[in-house]
Amino acid sequence: MSGTTFGIISVLVFGAVDSAPSARRALVMMMASQIQAVREGDLRSKNSAITSDKSSFTLPFETVDNRVFIEVRLNGQGPFHFILDTGAGGLVISTDVAQQLKLKIADSTEGQGVGEKTVREGNTQIAQIRIGDLQLTDLECHVLDMSDAPQVFGTKRLDGIIGLPVFEHMVVKHDYVNRLLTFSSPDKFNYTGNGIIVHFERPQQIPLVEAALDGVPGSFGVDTGARSSLLLYGPFCQQHKLQEKYDARLEGVTGWGIGGPVRSLLARAGELRIGDVIVRDLVVRLSTQKTGLTTSSGKAGLIGPDVLSQFNVVFDYIRSRIIFEKNANYGRRDSYDRAGVWMGQDAVGKHFTVVDVIASGPAAAAGVRTGDRILAINGNTTENLVLPDVREMLRRQPVGDKLTLLLESGGKQRTAVITLRDLV
């Protein structure tokens, strides 16, 4: 939904909010997502319980544009499709869901997300939330216009985002390999594994850890709602001259958040150390936003799913710790879109649209231009393709593979053949 954010949202980049009386702005990005909301204390559930006799339960999740999507029931209706997001200070639903549930929306106003545009937002209340065997009641809820979600998730539905109300009541383990979440009652949870324990601070809703990127220290948010390995905030990049350090020259739209596109410079870093956790060879994004949440000096940036997914990760908010257990993904070389193009999709979902083309990238070399409609990819009509799956394919398909696009602009069709390669 962050970077955080369609990241968050977008990140869906979903990033974290840095003002004390705020909850997270959804970005999506969504992913990645972030929101201005009521005080964190006001977002806490008055009642939570596991509805079975068990002290823990498991729930499958789907990865959509690198975000953890789960099924949630609201006031007995659903299921709805939510991002489970450590960067989210509370509960966020779309205006469409609020209308479906016939909820009264109060305090409607303009808000700022990770993008540079403002969006409409308001507040309401949800009587009951069900996530597997977990039941939450009487939750304050933020209502947000998520009409930009197809720019990140295409035809995949995004109905809302939830974070702190879950994490403050349950210990949550993310098994990224098997795509399973395990929710445990904190008073019954006793960790006996061999994972690395990293303690965090939480001055607002997002866990903050001390880490070092190639020897440069900083406080980083740990954000399951961000869409990549590492999103670095502008002031941190400027303070440490990271653009010069990494000779970062390639810039483009690298996410989409509440408020529009998120632009970044791309670079490849050597090593990220989070206590005794070490992850190497990461693609990092250096934010170039002029406004929005990535211009904050409150943190160095956001650690996202491409780092976290190399581990089974246990979030234990009650004990202020994150536990990292290496999994089968550990050491996998990080990659980024090998075509150098950001594709979006309108709400109708018939075709993809070229939102941005990275200068000197493979798509630019093939003659792809911003504003082109993409009718087919390798002979498959885009109406039948899932945008996040295509985006994942573009970063995982081997270097040297060719991609044939059927494009349309100005009422004329043409073909472009892209040869995939690493941008960084």
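Asp, Glu, Lys and Arg count as charged here, Ala, Val, Leu, Ile, Met, Phe, Trp, Tyr, Cys and Pro as nonpolar, and the others, Gly among them, as polar. Keep that grouping at hand for the first stop, and remember throughout that you are looking at a predicted model.

**Stop 1: the largest cavity**

Select Asp 306, Ser 309, Gln 310, Asn 329, Arg 332, Arg 333, Asp 334, Ser 335 and Arg 396, which line the largest cavity. Colour them by type and you will find five charged residues, four polar ones and no nonpolar ones. The space they surround amounts to about 70 Å³.

**Stop 2: the six-stranded sheet**

Switch to a cartoon view and look for an open sheet whose six strands run in the order E2-E12-E11-E21-E22-E13, with antiparallel pairing. Its edges are strand E2, at 56-60, and strand E13, at 196-199, each of which pairs on one side only. From one strand to the next, the twist averages 20°. Strands of a sheet pair through backbone hydrogen bonds, either parallel or antiparallel.

**Stop 3: strand E21 and its neighbours**

Now select residues 311-316, strand E21, together with strand E11 at residues 171-175; this antiparallel pair is joined over four bridges. Two places are good to label here: Val 172 stands opposite Phe 315, and His 174 has Val 313 as its bridge partner.

Next, add strand E22, residues 321-326, which pairs with E21 in the antiparallel sense over six bridges. Follow Val 313 across to this strand and you arrive at its bridge partner there, Phe 324. E21 and E22 make a hairpin with four residues between them, and in the turn Ser 320 has a positive phi of about 55°.

Is E21 buried or exposed? Six of its six residues are buried, so the strand is largely enclosed by the rest of the structure. In a regular strand the side chains alternate between the two faces of the sheet. To see both faces of E21 covered, show Phe 311, Val 313 and Phe 315 on one side, then Asn 312, Val 314 and Asp 316 on the other; all are buried.

**Stop 4: the largest pocket**

For the largest pocket, centre the view on Thr 63, Asp 65, Asn 66, Glu 392 and Arg 395, the residues nearest its centre among the 39 that line it. The pocket has a volume of about 630 Å³. Elements giving two or more residues to this lining are strand E3 (62-64), strand E19 (277-287), helix H6 (305-308), strand E23 (341-345) and helix H8 (387-396). Which element gives the largest share? That is H8, with nine residues. Coloured by type, the lining of the largest pocket shows 16 charged, 15 nonpolar and eight polar residues.

**Stop 5: the second largest pocket**

Move on to Asp 96, Met 146, Ala 149, Pro 150 and Leu 158, which are the closest to the centre of the second largest pocket out of its 16 lining residues. Its volume is about 330 Å³. The lining of this second pocket divides into six charged, five polar and five nonpolar residues.

**Stop 6: Ser 94**

Finish with strand E6, residues 91-94, and pick out Ser 94. Why does Ser 94 count as buried? Its relative accessible area is 5%, and buried means under 20%. Show the side chain of Ser 94 and draw a distance to the backbone nitrogen of Val 97: the contact is 3.1 Å.

Terms used:
Residues numbered from 1 in each chain as written. Predicted model: local features only at pLDDT ≥ 70, side-chain atom pairs only at ≥ 80, totals over all residues. Heavy atoms only, no water. 1 Å grid on protein atoms, 1.4 Å probe; cavity = no way out; pocket = protein on both sides within 12 Å on 5 of 7 lines; lining within 4 Å. Points joined across faces, edges and corners; volume = space filled by probe spheres on them. Pairing = 2+ DSSP bridges. Axes fitted to C-alpha atoms, helices over the stretch in contact; angles between N-to-C directions. Buried < 20%, exposed > 50% of the residue type's maximum accessible area, 1.4 Å probe, protein only. Polar contact = N/O pair within 3.5 Å; in protein donor to acceptor, adjacent residues only side chain to side chain.
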